[in-house]
Amino acid sequence: MTNLTSFRHLHRGSLQRSLLFFVVLPMLLLAGLAIRFGLTFTNELVTTSMRTDLELIGRAIRIPISDALLNQDTDAINAHLESVFTIGRVYGASIYDVDGRLVAATGVIERDLTDSQLASEVVSTGQQQDGYRSVSGQSLFSHFLPIINRSGQIHGLLQISRKASDFEKSLAKLSTLAWLSWLALALLSLLIMWRGHKRVIGHPINELVTSMRRVASGDRRYRAPPQGPIELQEVAKGLNHMLDEINTTERQLKEQETMAAIGQVVSGVAHELGAPLSVIDGRAQRLLRQHPDADSQRQLKAIRGQVLRLNHMVKQLQAFAHTPIASWQRIALLSLLQQAIQSISYELQDEEKLPEIQLPCPEIILHVDIPRLELAIVNVLRNASQAATSQVVIISEKQQNELYIRIQDDGTGLTKGLTSEQMMNPFVSTKPQGKGTGLGLAIVQQIMQEHHGTVNLKNNPAGGCEVTLTLPLTEQDIHQ
């Protein structure tokens with residue numbers, strides 16, 4: 001059943017059919033032409049061999065027969081004719097006069113050559129002739145030689161014949177053997193092609209087609225096994241890589257769609273919260289002026305503190321929902337870091353550490369969205385200052401065409417159980433409930449992507465956490 005199915009595939013537009021029609025059949029055709037040429041050459045070779053044999057026999061007896069013919073010695077003539085049968089497989093030998101009349105003969109002969117054009121040409125030209133002739137119902141190969149006397153005159157004609165059927169049978173056997181060998185070669189070639197294709201190419205291709213069908217049916221997690229020839233392995237690897245890329249792209253698109261939806265919600269929430277918070281803060285300030293007693297002052301300042309905290313959250317929500325970069329400006333790296341430190345200093349508590357810039361700082365002019373990139377640095381500095389025990393250090397360095405801004409603290413380090421990627425997801429926070437929105441690092445990652453950069457978090461071997469912001473540099477950034 002399997003073999004029948006395989007041969008059915010041969011009638012379709014398959015690789016097997018292509019191999020059959022464009023490789024195997026042309027090879028068999030060339031082999032057949034070679035056999036045909038070889039048989040033709042063999043036939044010519046046999047004819048030449050017969051001609052040579054009969055010519056040698058004729059030359060051996062021609063002079064003695066010529067002398068006997070001149071002496072009209074019939075017994076000598078017959079004796080010489082009989083002698084040719086001891087030399088080779090001769091079936092007839094005969095002597096004719098110049099007019100083609102029979103003088104003496106032995107074996108299978110022609111009685112009269114008076115009307116033979118071939119005999120006339122031999123006598124007139126003095127050149128030997130040969131050819132296939134039918135005599136008494138038998139196919140003979142006859143060789144004609146002129147009988148020349150010692151003065152050089154032609155006075156007779158010698159005919160020596162052999163049966164053509166002996167050679168024809170041998171040639172027929174040879175031809176049959178050759179064509180049977182060709183047929184065996186054809187069948188063996190088809191078998192080898194079928195088995196070789198099935199084992200080396202067919203099975204891997206079937207597996208590849210099956211993999212594609214599984215993927216087409218919706219199984220995006222399935223991967224094609226790399227097997228078979230190197231080319232098919234490369235196709236399988238390419239298919240698997242393409243599926244990985246498609247899955248990655250789909251995941252990124254889903255994440256972008258999710259982020260866009262979150263951004264829209266966040267933008268709306270931030271907008272709706274902004275106005276009421278401003279009203280609450282304004283009313284609290286008015287009440288502070290109207291109620292100077294200590295208890296009222298304490299309660300109202302607490303209200304304003306919570307409003308300030310909510311305003312800070314609103315700003316983070318607005319930053320997260322911020323549209324892509326609209327304004328690029330130039331600023332020195334050192335100035336950008338100093339502005340970020342100045343911005344964070346206004347919101348630090350007494351126990352939180354003010355960051356310090358480790359000098360020297362590379363003299364680089366950046367072409368960036370200054371407020372957005374400053375916001376990213378401020379968010380990282382805020383987390384570092386809140387986590388630090390005694391210090392926060394900003395280290396910046398240039399390596400080839402990239403700028404690295406490393407912000408290190410000596411706190412407890414990254415929370416166990418959370419990866420760097422997880423910590424940068426929106427609304428993921430390690431701070432106590434009510435102390436953070438979980439948007440700080442998500443905003444940092446968003447801003448770095450806008451600047452074609454990256455953000456990476458890791459623990460320091462000596463303790464604490466290190467956040468690295470990486471920005472690509474152009475030649476213009478480096479030399480200005």
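How many of the 18 residues of helix 9 are buried? The close-ups below start there, and they show a predicted model.

**View 1. Helix 9 sits mostly under cover.** Of its 18 residues, 13 are buried, so the rest of the structure largely encloses this helix. Its length works out nicely too: at 1.5 Å a residue it should span 26 Å, and its end C-alpha atoms are indeed 26 Å apart.

**View 2. Helix 9 feeds the largest nonpolar core.** This core holds 39 residues, and those touching the most other members are Leu-366, Ile-377, Leu-381, Leu-403, Ile-405, Ile-407 and Leu-469. Several elements give two or more residues to it, among them helix 8 (333–345), strand 8 (365–368), helix 9 (370–387) and helix 11 (440–450). Strands 9, 10, 11 and 12 also belong to that group. Helix 9 brings the largest share, with 8 residues. There is also a second, separate core of 21 residues, including Met-50, Ile-57, Val-90 and Ala-104. As a bit of background, nonpolar side chains tend to be buried together in soluble globular proteins.

**View 3. Five strands line up in an open, mixed sheet.** Reading across, the order is 7-9-10-12-11. Which strands stand at the edges? They are strand 7 (356–357) and strand 11; each has a single partner strand, so one side of each is left without a neighbour in the sheet. Strand 7 runs parallel to strand 9, and 2 bridges join them. Look for Ile-357, which stands opposite Ile-394 in strand 9.

**View 4. Strands 9 and 10 make a hairpin inside that sheet.** These two run antiparallel and are joined by 8 bridges. To find your place along the pair, spot Val-393 opposite Gln-408 in strand 10. Just 2 residues lie between the strands, and Gln-400 in the turn has a positive phi of about 55 degrees.

**View 5. Strand 4 has a hairpin on either side, with strand 3 and with strand 5.** Strand 4 (residues 138–148) is mostly covered, with 8 of its 11 residues buried. With strand 3 (residues 129–135) it pairs in the antiparallel sense over 7 bridges, and Asp-130 has His-143 in strand 4 as its bridge partner. That hairpin has 2 residues between its strands, and Ser-136 in the turn shows a positive phi of about 55 degrees. With strand 5 (residues 154–163), strand 4 is again antiparallel, this time through 9 bridges. Here Phe-144 stands opposite Gln-159 in strand 5. The hairpin of strands 4 and 5 has 5 residues between them, and Gly-152 in the turn has a positive phi of about 90 degrees.

**View 6. A nonpolar patch shows up on the surface.** Phe-21, Phe-22, Val-23, Leu-25 and Met-27 make it up, with about 520 Å² of accessible area together. Phe-21 lies in helix 2 (residues 15–70) and is partly exposed, at a relative accessible area of 42%.

**View 7. Met-193 and Val-24 meet across the sequence.** Although 169 residues separate them in sequence, their C-alpha atoms are 7.8 Å apart in space. Met-193 lies in helix 5 (residues 164–216), and at a relative accessible area of 10% it is buried.

**View 8. Two salt bridges, seen one after the other.** A search of the whole structure finds 8 salt bridges. In one of them, Arg-101 pairs with Asp-97, their closest N and O atoms being 3.3 Å apart. Arg-101 is partly exposed at 46%, whereas Asp-97 counts as buried at 18% relative accessibility. In another, Asp-244 pairs with Arg-223, with the closest N and O atoms 2.8 Å apart. This second pair links distant parts of the chain, 21 residues apart: Asp-244 is in helix 6 (residues 230–290), and Arg-223 is in the loop between helix 5 and helix 6. Asp-244 is partly exposed at 36%, and Arg-223 is partly exposed at 26%.

**View 9. Four charged residues join in a network of salt bridges.** The members are Glu-397, Arg-406, Lys-458 and Glu-466. Inside it, the side chains of Glu-466 and Lys-458 meet at 3.7 Å, N to O. Is each partner buried or partly exposed? Glu-466 counts as buried, at 5% relative accessibility, while Lys-458 counts as partly exposed, at 41%.

Conventions: Residues are numbered from 1 along each chain as its sequence is written. This is a predicted model: local features need pLDDT of at least 70, side-chain atom pairs count only at pLDDT 80 or more; totals for chains, interfaces and linings use all residues. Side-chain values use heavy atoms; hydrogens and water are left out. A nonpolar core is a set of buried Ala, Val, Leu, Ile, Met, Phe, Trp, Tyr and Cys residues joined through side-chain atoms within 4.5 Å. Buried means under 20% relative accessible area, exposed over 50%, partly exposed in between (1.4 Å probe, protein chains only). Helices (H or I, at least four residues) and strands (E, at least two) are DSSP runs, numbered from the N terminus. The expected span of a helix is 1.5 Å times one less than its number of residues. Patches are made of residues with over 30% relative accessible area and no salt bridge: like charges are joined within 9 Å, nonpolar side chains (Val, Leu, Ile, Met, Phe, Trp, Tyr) within 5 Å. Accessible areas come from the Shrake-Rupley method with a 1.4 Å probe; for residues, only the protein chains shown count as cover. Two strands pair if DSSP finds at least two bridges between them.
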